[in-house]
Amino acid sequence: MSYRPEGLRTLDDAEQGTPPPAAPTGIGVRGWLRWAWRQLTSMRVALLLLMLLALAALPGAFFPQTPQDAGAVARYRADQPELAAWLDRLGLFDVYASPWFAAIYLLLFVSLIGCILPRTRTHLAALRAAPSRVPRRLTRFPVHATHETDASPEEVTAAVRSALGRRFRVALTPDGVSAERGYLRETGNIVFHLSLVGVLIALGLGQVLSYRGQAVVVEDRSFANALVDYDTFTSGSLVDEDRLDPFVLTLQEMTSEFTVDAQARDFAAHVAITDPDGEVREDVIRVNYPLDVAGANIYLAGNGFAPHLTVRDAEGEVAFSQPVPFLPEDDFYTSRGVVKVPDVSPGLEQLGFTGYLLPTAVVDEVGARSVHPQPNAPLVILDVYTGDLGLDDGVPQNVYELDTTGLTQLTDDDGEVKILLEPGQEVELPDGLGTISFDSLPRFAALDVRYDPSLTLLLVSALLAMAGLSASLFVPRRRLWVKVTPGEGGRTVVEAAALARGDDPGLEKDLEHVMTAVRATGPTAQEDK
Amino acid sequence: MNDLGQLSLLAIYGAMAAYAVAMIAFGVDLSALRDRGPEGRPRRAAAIAMTTTTLGVVLHAVGVVTRGFAAGRVPWANMYEFTIVFTLVAAGTFLVIQRWRDLRYLGALVITPTLLALGLAVSVLYIEADGVRPALDHYWLVIHVSVATMAIGIFAVAAALSIVQLVKERGERAVAQRREPAVALAGGSGGAAEVDAAPGENADRGFWGRLGDSLPSSAELERLAYRLNAVAFLLWTFTLIAGAIWAEHAWGRPWGWDPKEVGTFVVWVVYAAYLHARATRGWDGRKAAYLGLSGFALVLVNYFVVNLFADTIHGYAF
């Protein structure tokens with residue numbers, strides 16, 4: 001315990017002065033509420049809640065979380081169904097949206113507000129009030145000094161004032177000089193805690209005001225910011241999905257750079273944007289460098305190839321002709337894709353293709369594989385299915401998956417039929433089903449569009465919290481008193497002491513600075529340090 | 001480029017050799033302190049240890065800088081580089097504080113883990129110096145990650161101080177208990193801070209007790225650990241905010257509860273609890289030290305376990 005002289009009240013006392021009361025008896029409901037409130041806003045409970053929060057946040061790092069990786073959760077459920085059932089019951093697959101996690105952080109924030117508001121009031125009062133009164137015996141403080149000088153009390157007081165400078169707030173009282181510095185420390189502390197509330201509010205607003213969607217856009221094609229053009233779309237409850245800012249994006253070119261050993265070096269989506277007001281501009285979206293369009297950010301989340309395939313049916317009619325995005329599965333862009341051809345001539349069976357695109361294909365006795373992500377020797381390898389694609393059932397289908405329940409795979413004497421296509425090639429399908437051709441190889445960009453108006457508040461709150469934190473940790477809070485009394489023989493006796501909040505190695509330096517100025521006013525008669 | 005990479009690795013090996021000598025010398029110094037107490041002949045072993053540590057830090061720094069030139073970017077873009085940088089910060093912090101305070105007793109506790117981490121880096125985590133992938137090619141890589149290495153390095157030295165504090169405190173309590181009857185008889189008012197044992201009592205004090213006599217008081221160790229933790233906590237806060245800003249640029253969300261983000265958040269909360277614990281009645285420096293140490297344990301888990309075993313989008317780098 002640090003030494004505390006009588007009559008000195010600090011914020012520490014205010015904090016520590018109320019010992020945690022034992023559970024009271026016979027005080028009625030209001031009394032109980034007051035007691036509970038005092039408990040909740042005590043530092044002890046805040047500490048407990050902080051530790052609980054840390055503990056509660058941990059499971060999310062070790063169990064897969066539905067919002068982050070729904071696929072991993074599904075795998076976990078399949079692998080360990082019994083454990084998964086329990087985890088489900090406890091909400092451990094979505095920790096950060098679970099009621100118990102919310103309970104902890106909401107209690108913590110109530111506790112924070114309940115603690116910080118009274119402190120703000122106290123601090124505001126302290127800012128207006130004069131510095132504390134001078135204690136009776138300054139020599140009782142661990143950091144103190146005395147001096148006798150020939151100078152008059154007025155001269156000494158003036159010297160002390162000028163030595164204290166502008167950092168200290170100074171009050172001249174009948175008992176002596178009282179000075180304080182470091183109000184910024186508590187200001188910082190309060191700003192930090194209130195900013196955390198700002199962070200929480202910003203995150204909450206983000207939940208209801210933001211939307212996010214993904215879209216795959218092929219070169220030379222456009223994407224309009226409307227619900228129908230998104231592959232996936234999620235939005236907060238206050239977002240009007242029918243009134244998104246109507247901009248149009250056209251992917252002019254998607255470029256990529258790789259080292260010879262297939263390390264990615266650069267991706268860039270060159271786009272033309274038509275703003276809601278009709279203005280057209282060109283820009284580039286890179287990884288890490290999103291594009292701001294009408295308040296929404298567009299991110300380059302992925303890229304790949306979308307071979308343009310054309311299928312003609314048995315009657316020679318074009319049944320399908322468009323670029324098909326193949327999703328990359330490894331560093332060499334071995335990409336998987338699906339072609340569904342529903343629009344064959346009446347009376348004919350529907351066609352389905354599934355297979356791979358190899359950008360730089362090497363075919364040898366082991367099989368076919370890609371050795372580089374750039375399209376140096378593209379090859380498309382497809383399995384062929386006929387039958388019912390199931391598109392007319394009204395059940396939404398994943399465009400990247402082929403549901404083979406109503407389909408039959410084509411086979412010949414060697415087993416499954418494999419169709420190999422290089423760019424510009426056209427191949428006859430077996431059984432006179434028609435032809436398929438590989439016309440060109442455009443690239444696609446997978447774009448993430450996100451609109452979140454709460455980000456500014458979040459950033460400002462976070463930066464304020466940071467500034468407040470540094471003030472509350474590193475601004476020293478010091479009090480300094482100087483008593484100037486006339487002594488024997490016309491001499492003047494100077495007593496001074498300094499007190500800091502907590503451990504403060506710079507405290508003696510402050511006092512020494514003042515005493516140097518005092519000594520400069522006259523010759524030393526007697527020194528007692 | 002490749003030659004520079006080799007030079008960097010060589011410098012790291014050199015630093016490890018120097019640290020190994022320093023570690024042994026620090027150990028010799030500690031055991032001599034135990035036998036001799038604080039007053040005694042000059043601490044020759046400690047002098048050797050400090051010289052070799054300085055040499056090690058210089059070589060270490062050369063290793064980090066040449067690695068950066070070899071890769072043509074800042075040298076903290078994968079786990080190997082991150083490890084050699086934060087260990088450099090830890091060893092460097094240890095050296096720099098010596099300018100104000102004699103912390104040589106802490107040497108073994110700082111240099112031994114540094115050496116272990118470096119060993120892990122060169123044997124398990126090492127990869128050739130290479131350019132940077134697009135996902136990391138951003139100025140926040142320079143800011144966010146360097147501040148993270150600084151925070152971890154300083155947390156590490158603070159944790160070492162907390163361990164010494166706990167050892168010392170145990171010794172102090174033992175002494176206080178032994179002295180209590182005497183104090184009571186004298187009607188004395190001896191505070192807990194004045195616990196310097198008389199020389200005659202040394203014989204039955206045990207290894208740690210006697211070693212503890214040559215250390216600063218636990219209260220002073222606690223204050224020093226607190227100051228380092230406060231600095232590191234501020235840096236960690238900055239890491240968190242900078243990370244959120246970068247995540248907003250890269251992934252389109254400032255916060256997504258990725259395992260790495262969870263870990264960083266939990267570490268932040270635990271150190272926040274540490275800071276509150278110091279200001280809470282009924283919580284003394286000892287309990288706060290335990291909180292600080294668990295915070296640092298979580299830093300290590302967040303780095304090694306989460307990076308290597310958890311399914312994280314931070315995985316490609318750290």
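In the predicted model, A:A145 stands opposite A:A496, a residue of strand β28 of chain A. This pair belongs to the antiparallel pairing of strand β1 (residues 143-149) of chain A with β28(A), which extends over seven bridges. Strand β28(A) itself spans residues 492-500 and is mostly covered, with seven of its nine residues classed as buried.

A second partner of β28(A) is strand β27 of chain A (residues 478-486), and these two strands likewise run in the antiparallel sense, joined over nine bridges. Within this pairing, A:K483 of chain A is placed opposite A:E495 in β28(A). The two strands β27(A) and β28(A) form a hairpin in which five residues lie between them, and in the turn A:G489 adopts a positive phi of about 65°.

Turning to the association of the two chains, 40 residues of chain B are in contact with 40 residues of chain A. On the side of chain B that touches chain A, helices α7 (218-251) and α8 (259-278) of chain B each supply at least two residues, and the largest share, amounting to 11 residues, comes from α8(B). When the residues on this side of chain B are sorted by class, 22 are nonpolar, 10 are polar and eight are charged.

Technical notes: Residues are numbered from 1 along each chain as its sequence is written. Chains are lettered from A and ligands numbered from 1 in the order in which they are written. This is a predicted model: local features need pLDDT of at least 70, side-chain atom pairs count only at pLDDT 80 or more; totals for chains, interfaces and linings use all residues. Two residues are in contact if their C-beta atoms, placed from the backbone, lie within 7 Å. Helices (H or I, at least four residues) and strands (E, at least two) are DSSP runs, numbered from the N terminus. Ala, Val, Leu, Ile, Met, Phe, Trp, Tyr, Cys and Pro count as nonpolar, Asp, Glu, Lys and Arg as charged, and the others, Gly among them, as polar. A residue is buried if 20 or more other C-beta atoms lie within 10 Å of its own, exposed if 12 or fewer, and partly exposed in between; C-beta atoms are placed from the backbone. Two strands pair if DSSP finds at least two bridges between them.
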